[in-house]
Amino acid sequence: WALVRLSDTRPVRFADVPWLIAPRSFEAECPFPEGFSPIAAFTDDVHALCYVPSSGIDKNGHLNNARYWDLVFAGARSAGLPAGNVRTIEIGYQKALFAGETVDLHYRTVDGAVHFCGYVTKDGATARAFYGHYRSE
């Protein structure tokens, strides 16, 4: 893979784009991106702890996007929520997940849809890693 400028097709040096390789921080909270409305407050009433399996790690070193649903449905089953025969799904990714991390999944059912938020904690700071909703038949 090579990064090239479209204007002259010359290779781009990383020194020319410092934001591309700048260290990223682990913020405590991220706003929801456009298109995702805030979800009613989650509580500790319905939640499950799930571990990120090494079997789901891709070549980039983090959990493959398609494998987030394994965590969502495993947590939903352990919390007694529907987790099969899904008709619609939507998910937003905010933080990469790595093998061995613990995800605290919080759930809320609103109008027949199961909403969820997955949180990770590192060095005392908690951040939302992903969120979304699904509807089962």
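Reader: Why is the meeting of Asp70 and Arg67 called a salt bridge?

Author: In this predicted model, the side chains of Asp70 and Arg67 come together at 2.5 Å, taken from N to O. The term asks for a side-chain nitrogen of Lys or Arg within 4 Å of a carboxyl oxygen of Asp or Glu, and the pair of Asp70 and Arg67 therefore qualifies. As a general point, side chains of opposite charge can pair when their charged atoms come close. By this rule, the count for the model comes to one salt bridge.

Reader: How do you know whether Asp70 is buried, partly exposed or exposed?

Author: Asp70 has a relative accessible area of 40%, and since buried means under 20% and exposed means over 50%, Asp70 is called partly exposed. Its partner Arg67 has a relative accessible area of 28%, which lies between the two cut-offs, so Arg67 is also partly exposed.

Reader: What makes residues of helix H2 count as buried, and which are they?

Author: A residue is called buried when its relative accessible area is under 20%, and in helix H2, residues 68–78, this holds for Tyr68, Trp69, Leu71, Val72, Phe73, Gly75 and Ala76. The cover over these buried residues includes strands E1, E2, E3, E4 and E5. Just after H2, Gly80 takes a positive phi of about 80 degrees.

Reader: How do you know that E4 and E5 are paired strands?

Author: Pairing requires at least two bridges between two strands, and nine bridges join E4, residues 113–122, to E5, residues 125–136, so the two count as paired, in the antiparallel sense. In this pair, Lys122 stands opposite Ala125 in E5. The requirement of at least two bridges is also met by E1 and E3, with five bridges, and by E3 and E4, with seven. Asp104 in E3 stands opposite Leu49, and Asp104 also stands opposite Tyr119 in E4.

Reader: What is there to see in the hairpin of E3 and E4?

Author: Two residues lie between the strands of this hairpin, and Asp111 takes a positive phi near 50 degrees there.

Reader: What makes E1 and E2 the edges of the sheet?

Author: The five strands form an open sheet, with antiparallel pairing, in the order E1-E3-E4-E5-E2. Strands E1, residues 47–51, and E2, residues 86–93, each have a single partner strand, so one side of each is left without a neighbour in the sheet. Neighbouring strands of this sheet are turned by 25 degrees against each other on average, when direction is ignored.

Methods: Residues numbered from 1 in each chain as written. Predicted model: local features only at pLDDT ≥ 70, side-chain atom pairs only at ≥ 80, totals over all residues. Heavy atoms only, no water. Helix = DSSP H or I, 4+ residues; strand = E, 2+ residues; numbered from the N terminus. Axes fitted to C-alpha atoms, helices over the stretch in contact; angles between N-to-C directions. Buried < 20%, exposed > 50% of the residue type's maximum accessible area, 1.4 Å probe, protein only. Contact = heavy atoms within 4.5 Å.
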